[in-house]
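Let's take a walk through this model together, with the sequence and the coordinates side by side. Please have both open before reading on.

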There are 2 protein chains.
Amino acid sequence: MTTWCNGHFAEQLMLAPNERGLMLGDGIFETIAVRHGKPIWLEDHLVRLETSAADLGLPCDMATIRQGLEAVLQQSAAAAEVLRLTLTRGPTPRGLAVDGANPSLFITLNPFELSKLPSSVRLATSSIRRNPTSPASNHKTLSYIDAIAAAREVATRADDALLLNTGGMVACTTIANIFALKGNHLITPSRDQGILFGMARARLIAGVAQLSLVIEERQMAPEELYAADAIFLTNSLRLATRVASLDGKSCGTRDFTFINTYLEETFT
Amino acid sequence: MTTWCNGHFAEQLMLAPNERGLMLGDGIFETIAVRHGKPIWLEDHLVRLETSAADLGLPCDMATIRQGLEAVLQQSAAAAEVLRLTLTRGPTPRGLAVDGANPSLFITLNPFELSKLPSSVRLATSSIRRNPTSPASNHKTLSYIDAIAAAREVATRADDALLLNTGGMVACTTIANIFALKGNHLITPSRDQGILFGMARARLIAGVAQLSLVIEERQMAPEELYAADAIFLTNSLRLATRVASLDGKSCGTRDFTFINTYLEETFT
């Protein structure tokens with residue numbers, strides 16, 4: 001594991017005792033696939049980071065971030081790795097006020113074992129709902145406790161938790177966006193449904209014409225997941241992964257290799 | 001500032017690069033008032049910590065925590081201080097799975113200036129809602145980004161944000177519970193409304209008979225806040241603080257000194 005902490009390589013992270021990333025989950029992150037030292041979809045990840053930072057009023061110096069990324073990526077030592085970029089608001093006096101923050105930047109690079117990726121996952125519906133009004137839903141923030149608790153809630157009976165939103169509609173899972181393939185239609189919850197704006201999701205939506213698919217970004221009832229030809233999850237590391245079952249009931253089995261083929265083509 | 005990091009006094013916090021408290025807001029905390037070296041409502045705070053830890057599956061060794069508290073409180077150096085106890089799930093491999101976690105414990109002790117406490121606050125309603133299904137609503141977790149964003153949203157026009165829940169009912173503010181005093185009735189949102197289970201709130205509810213008040217813990221419509229004789233906020237550090245106005249409209253002005261007198265009596 002390679003670790004970068006505020007401008008230097010380090011074995012451990014050194015933080016001020018009032019570092020808000022730790023004390024208040026006040027920060028954002030990106031998880032980026034790396035292949036042979038090359039970060040995949042890097043510019044899109046950095047645009048999302050910068051957009052989230054602006055929305056949360058988090059100072060974000062892209063030059064410093066690119067410098068850190070470059071230094072860390074020079075340490076790349078495996079065919080497949082995962083890079084995590086964490087930007088926090090840094091230390092401030094006690095309380096929630098954000099004035100005078102001086103952001104912290106942490107970057108880690110870890111080997112990533114592609115052979116260990118699951119070929120399909122079982123989902124179970126969590127009792128924890130995604131809240132569309134929450135910045136924790138719409139940004140990749142450090143405030144991840146809902147997803148952790150949801151994953152733990154279903155861990156004995158499933159591989160990941162399906163999260164509905166507070167309106168009872170489909171949102172996403174703890175680590176991925178969700179798609180239903182039905183005929184030549186690709187259905188996925190729209191951005192107002194309490195979802196994370198995933199990179200693989202965006203890539204796939206941008207590519208539907210090329211794939212001869214019609215995209216439906218909209219509100220999605222849980223029952224629709226059983227009626228589809230196939231359900232799959234997307235994220236930056238796993239690309240598209242089949243959902244074999246939801247709450248113990250099997251989902252459609254149609255082949256969607258062409259989705260992953262397409263996503264992998266965007267790597268180059 | 002006195003800082004305790006995993007068994008030792010420290011100037012800075014030393015963390016593993018995969019410390020979940022920082023990476024995923026995966027932890028809980030308590031903020032405890034200290035008067036002349038004595039932590040106020042300590043046992044109640046520790047019960048809440050232990051209850052939250054159990055609910056989140058966070059290992060919580062009370063002996064270690066008490067040891068740390070004792071060491072830090074021996075450094076007490078002011079009449080009024082604030083102690084913060086932070087328990088995280090510690091480092092784990094990448095991903096959300098909680099197996100094999102080895103918790104981290106951080107404690108800080110800071111001077112607290114009672115003279116700087118506001119005598120009243122202006123509230124403004126945030127667009128960010130409290131989600132009653134979320135562990136971040138019902139526990140004092142490190143995943144605090146919603147409260148930070150809500151405070152920031154209203155900062156130019158108010159001192160704190162009123163948070164409604166996803167059902168549109170009153171929940172709390174970013175740092176406090178809320179009460180309405182009307183005649184001899186004390187009205188506050190019930191525990192199912194997406195509120196934090198505050199210590200001052202619990203103390204006050206336990207004391208209503210002694211105060212000749214009738215408590216109503218229930219769903220509470222925002223309009224009720226204008227109809228009350230007085231609205232006040234409670235937390236462990238500020239006790240009861242008047243709400244002068246909500247969204248620019250004045251609230252009731254009845255005196256409630258007796259509430260703070262009562263809460264202060266429970267300090268001894």
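We can begin with one residue and its charged partner. At 26% relative accessibility, A:Asp229 counts as partly exposed, because the buried class ends at 20% and the exposed class begins over 50%. Do keep in mind that this is a predicted model.

**Charged pairs**

Which residue meets A:Asp229 in a salt bridge? The partner is A:Arg254, and the closest N and O atoms are 2.9 Å apart. This pair ties together distant parts of the chain, 25 residues apart. A:Asp229 sits in the loop between helix H7 (224-227) and strand S14 (230-235) of chain A, while A:Arg254 belongs to the loop between strand S16 (249-250) and helix H8 (257-265) of chain A. Like its partner, A:Arg254 falls in the partly exposed class, with a relative accessibility of 30%.

A second pair also links distant parts of the chain, here 159 residues apart. A:Arg203 and A:Asp44 form a salt bridge whose closest N and O atoms lie 2.8 Å from each other. A:Arg203 is part of helix H6 (residues 199-206) of chain A, and A:Asp44 is part of helix H2 (residues 42-56) of chain A. A:Arg203 is partly exposed at 25% relative accessibility, and A:Asp44 is partly exposed at 32%.

For a third example we can move to chain B, where the side chains of B:Glu113 and B:Lys116 form a salt bridge at 3.5 Å, N to O. B:Glu113 is partly exposed at 47% relative accessibility, whereas B:Lys116 reaches 64% and counts as exposed. Elsewhere, A:Arg20, A:Asp26 and A:Arg89 are joined into one network by salt bridges that share partners.

Here are the three pairs side by side.

| Salt bridge | N to O distance |
|---|---|
| A:Arg203 and A:Asp44 | 2.8 Å |
| A:Arg254 and A:Asp229 | 2.9 Å |
| B:Glu113 and B:Lys116 | 3.5 Å |

Over all chains, the count comes to 22 salt bridges.

**The two chains together**

How many salt bridges are counted between chain B and chain A? The count there is 0. Polar contacts do occur across this interface, with 20 residue pairs between chain B and chain A, both residues at pLDDT 80 or more. The elements of chain B that give two or more residues to the side touching chain A include strand S3 (13-15), helix H1 (20-24), strand S4 (27-35) and helix H2 (42-56). Strand S6 (80-88), strand S7 (104-111), helix H4 (135-138) and helix H5 (145-154) of chain B are also among them. H5(B) brings the largest share of that side, 7 residues.

The size of an interface is often given as the accessible area lost when the parts come together. For chain B and chain A the buried area is about 4,400 Å², with 67% of it on carbon and sulfur atoms. Three residues, B:Leu22, B:Leu96 and B:Ile145, supply 16% of the area that chain B buries against chain A, more than any other three residues. In terms of contacts, 58 residues of chain B meet 58 residues of chain A.

What rotation superposes chain B on chain A? A rotation of 180 degrees does so, with 0.0 Å of shift along its axis and an RMSD of 0.0 Å. This is the relation of a two-fold axis. The same surface serves both copies, as 100% of the contact residues of chain B recur in chain A.

**A sheet in chain A**

Chain A holds an open sheet of 6 strands in the order S2-S1-S7-S6-S4-S5, with antiparallel pairing. Its edge strands are S2 and strand S5 (38-39), each of which pairs on one side only.

Strand S1 (residues 2-5) of chain A is a good place to look more closely. A:Thr2 and A:Trp4 point one way from S1(A), A:Thr3 and A:Cys5 point the other way, and all are buried. S1(A) is joined to strand S7 (residues 104-111) of chain A by 4 bridges, and the two run antiparallel. Across this pairing, A:Thr2 stands opposite A:Leu109, and A:Thr3 stands opposite A:Thr108.

S1(A) also pairs with strand S2 (residues 8-9) of chain A, in the antiparallel sense over 2 bridges. Here A:Trp4 has A:Phe9 as its bridge partner. S1(A) and S2(A) form a hairpin with 2 residues between them, and A:Asn6 in the turn has a positive phi of about 50 degrees.

Technical notes. Residues numbered from 1 in each chain as written. Chains lettered and ligands numbered in written order. Predicted model: local features only at pLDDT ≥ 70, side-chain atom pairs only at ≥ 80, totals over all residues. Heavy atoms only, no water. Buried < 20%, exposed > 50% of the residue type's maximum accessible area, 1.4 Å probe, protein only. Pairing = 2+ DSSP bridges. Least-squares fit on C-alpha atoms with pLDDT ≥ 70 in both. Contact = heavy atoms within 4.5 Å. Buried area = accessible area lost by both parts, 1.4 Å probe. Salt bridge = Lys/Arg side-chain N within 4 Å of Asp/Glu carboxyl O. Polar contact = N/O pair within 3.5 Å; in protein donor to acceptor, adjacent residues only side chain to side chain.
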